Amino acid sequence: MASNKDDRGGCRYVLEKLASSRYAAAMLIGGFVLSASVIALHLGYGPPLQPLFSGFSLPGRRRKRPIRVYMDGCFDMMHYGHCNALRQARALGDELVVGVVSDEEITENKGPPVTPINERLIMVGAIKWVDEVIPDAPYAINEEFMYKLFNEYNIDYIIHGDDPCLLPDGTDAYALAKKAGRYKQIKRTEGVSSTDIVGRMLLCVRERSSGDHHAHSSLQRQFRHGHNPRFDDGRPPHGGTRVSHFLPTSRRIVQFSNGKGPGPDARIIYIDGAFDLFHAGHVEILRHARALGDFLLVGIHTDQTISSTRGAHRPIMNLHERSLSVLACRYVDEVIIGAPWEVSKDMITTFNISLVVHGTIAENMDYLMEKSNPYAVPLSMGILQTIKSPLDITTSTIIKRIVANHEAYQKRNEKKEQSERKYYENKTSVSED
């Protein structure tokens, strides 16, 4: 009996060793097959790896959530300073949400806006660094709205420039965000503000009403160089506004550029103009033009060309200022800074232009009656197309709004001038991306 037990024990031992060996062999073969499969998939001999390992994550690790930043503003008569602020804000996170203040709150806190909310929403939404827009945002961030930003919009930080933003009672509009430790500051863009632009137009209106054509020409030359000698000490004339210095740099142009050219088979669309006081009408015609092809090339006329065709008091914004505003638009791929008035055959060939377009609403439609039509060449080539302008807005429309309500804007500028002067007196350097 003992012998039988020993035999059974020996058999059990053999079977266990055999099972163990088979298990080890299976594991070895399985590991080899898995390794071979991974190598084959990596070399492209099978389906993608992602579905095979989808849903797999290391214990204790969560997928990174994008950093969302918020910036608000009036964005009245949107200019390249606004655009650069949005660019800097976007660089502080992965997604930029922008709040646009309502007409009513702007009027209550600063005076009447030049551009209504519907136009300002078009402008802000067209900036290529903006991911989301909140209409009718409050002028001051109260506690309720701040927590709405944090909880509903998943905002991580609230951004503003280094210039003061004070409420009528003198308190800081961003005090709560600073207290919550969720505030970040960017550098204000030198050389322009909505107050400055309104001041330029008011000066032009005064110069025009005086009938002094030499003064018009002199004033325009000063604006082209980004300053006015009468204000270089920072002190504006009585009832005026400080016209700050515009300091164009190659770095700024690079920051605003897309950095990518058209593909070899791209359909390149060309549109040109002054694009002075870049407005919603400009944005909408650019949007429609871009939809006609793969790459939108925009020609921006020189200050001299504009003055010769539209009067000595134009343009309000100089060539570099206008170029930056256009470059910031998400529908624009490239600009020609200082484009010729006439679209030549050589230019069409050089830039491989497929179609030249023009809107039905423009400052100067006289070219249609002139003997030297600037679009004669593309017309003869059959590549000129007129597209209906979506909005009946021109630069003159904006100027007329200022003229019609110039007293209110004059008072607004005088009020704003106090904070502007204080800012420049206390200005310090803030790092910029």
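What follows is a short conversation about a predicted model.

Visitor: What makes up the secondary structure of the protein?

Guide: The secondary structure comes to 17 helices and ten strands. The protein has 433 residues, and 46% of them count as buried.

Visitor: How many strands are in the sheet that contains β1, and what is their order?

Guide: Five, in the order β3-β2-β1-β4-β5. The sheet is open and its pairing is parallel.

Visitor: What makes β3 and β5 the edge strands?

Guide: Each of them pairs on one side only. β3 covers residues 132-137, and β5 covers 183-186. On average, neighbouring strands of this sheet are turned by 30 degrees against each other, direction ignored.

Visitor: How do you know that β2 and β3 pair?

Guide: Pairing takes at least two bridges between the strands. Five bridges join β2 (residues 95-101) to β3, and the two run parallel. One bridge partner can be named: Val 100 has Pro 135 in β3.

Visitor: Which helices lie against these strands?

Guide: Helix α3, residues 80-91, packs on the sheet and touches β1 (68-73), β2, β4 (157-161) and β5. The direction of α3 makes about 140 degrees with that of β2. Helix α5, residues 117-125, lies across β2 and β3. Helix α5 runs at about 165 degrees to β2.

Visitor: What is the strand order in the sheet with β9?

Guide: The order is β8-β7-β6-β9-β10. This sheet is open, has five strands and pairs in parallel. Its edge strands are β8 (334-339) and β10, since each pairs on one side only. The twist averages 30 degrees from one strand to the next.

Visitor: How do you know that β9 pairs with β6 and with β10?

Guide: The cut-off is at least two bridges. Three bridges join β6 (residues 268-273) to β9. Four bridges join β9 to β10 (residues 384-387). Both pairs run parallel. Between β6 and β9, Ile 268 stands opposite Ile 353, and Tyr 270 stands opposite Val 356. On the β10 side, Val 357 stands opposite Gln 385.

Visitor: Why is β9 called mostly covered?

Guide: Six of the seven residues of β9 (353-359) are buried. Buried means under 20% relative accessible area.

Visitor: Which helices pack against this second set of strands?

Guide: Helix α11, residues 280-290, packs on the sheet and touches β6, β7 (295-301), β9 and β10. The direction of α11 makes about 140 degrees with that of β7. Helix α13, residues 319-327, lies across β7 and β8 and runs at about 165 degrees to β7.

Visitor: How many residues does the largest nonpolar core have?

Guide: 59. Leu 86, Leu 286 and Val 298 have the most contacts inside that core. Leaving out residues up to four places away in sequence, Val 298 touches residues including Tyr 270, Phe 275, Leu 286, Val 326 and Ile 336. A second, separate core has 21 residues, among them Tyr 70, Ile 158, Ala 173 and Ala 177.

Visitor: Why is the pair of Tyr 174 and Tyr 183 called tilted?

Guide: The structure holds five aromatic pairs. In this one, the ring centres are 6.0 Å apart and the planes stand at 45 degrees. Pairing needs centres within 6.5 Å; planes under 30 degrees apart are stacked, over 60 edge-to-face, and the rest tilted. At 45 degrees, the pair is therefore tilted. Both Tyr 174 and Tyr 183 are buried.

Visitor: What makes Phe 275 and Phe 278 a tilted pair?

Guide: Their centres are 6.5 Å apart, with 50 degrees between the planes. The distance is within the 6.5 Å limit, and the angle is neither under 30 nor over 60, so the pair is tilted.

Visitor: Why do Phe 275 and Phe 278 count as buried?

Guide: Phe 275 has 5% relative accessibility. Phe 278 has 8%. Both values are under 20%, so both residues are buried.

Visitor: How do you know that a charge sits over the ring of Phe 150?

Guide: The charged end of Arg 182 is 3.8 Å from the ring centre. The distance limit is within 6 Å, and the charge must also be within 35 degrees of the ring normal. Arg 182 is listed as sitting over the ring. Lys 184 likewise lies over the face of Tyr 157, at 4.2 Å from the ring centre.

Technical notes. Residues are numbered from 1 along each chain as its sequence is written. This is a predicted model: local features need pLDDT of at least 70, side-chain atom pairs count only at pLDDT 80 or more; totals for chains, interfaces and linings use all residues. Side-chain values use heavy atoms; hydrogens and water are left out. Buried means under 20% relative accessible area, exposed over 50%, partly exposed in between (1.4 Å probe, protein chains only). Axes are lines fitted to C-alpha atoms, for helices over the stretch in contact, and angles run from 0 to 180 degrees between N-to-C directions. Contact means heavy atoms within 4.5 Å. A nonpolar core is a set of buried Ala, Val, Leu, Ile, Met, Phe, Trp, Tyr and Cys residues joined through side-chain atoms within 4.5 Å.
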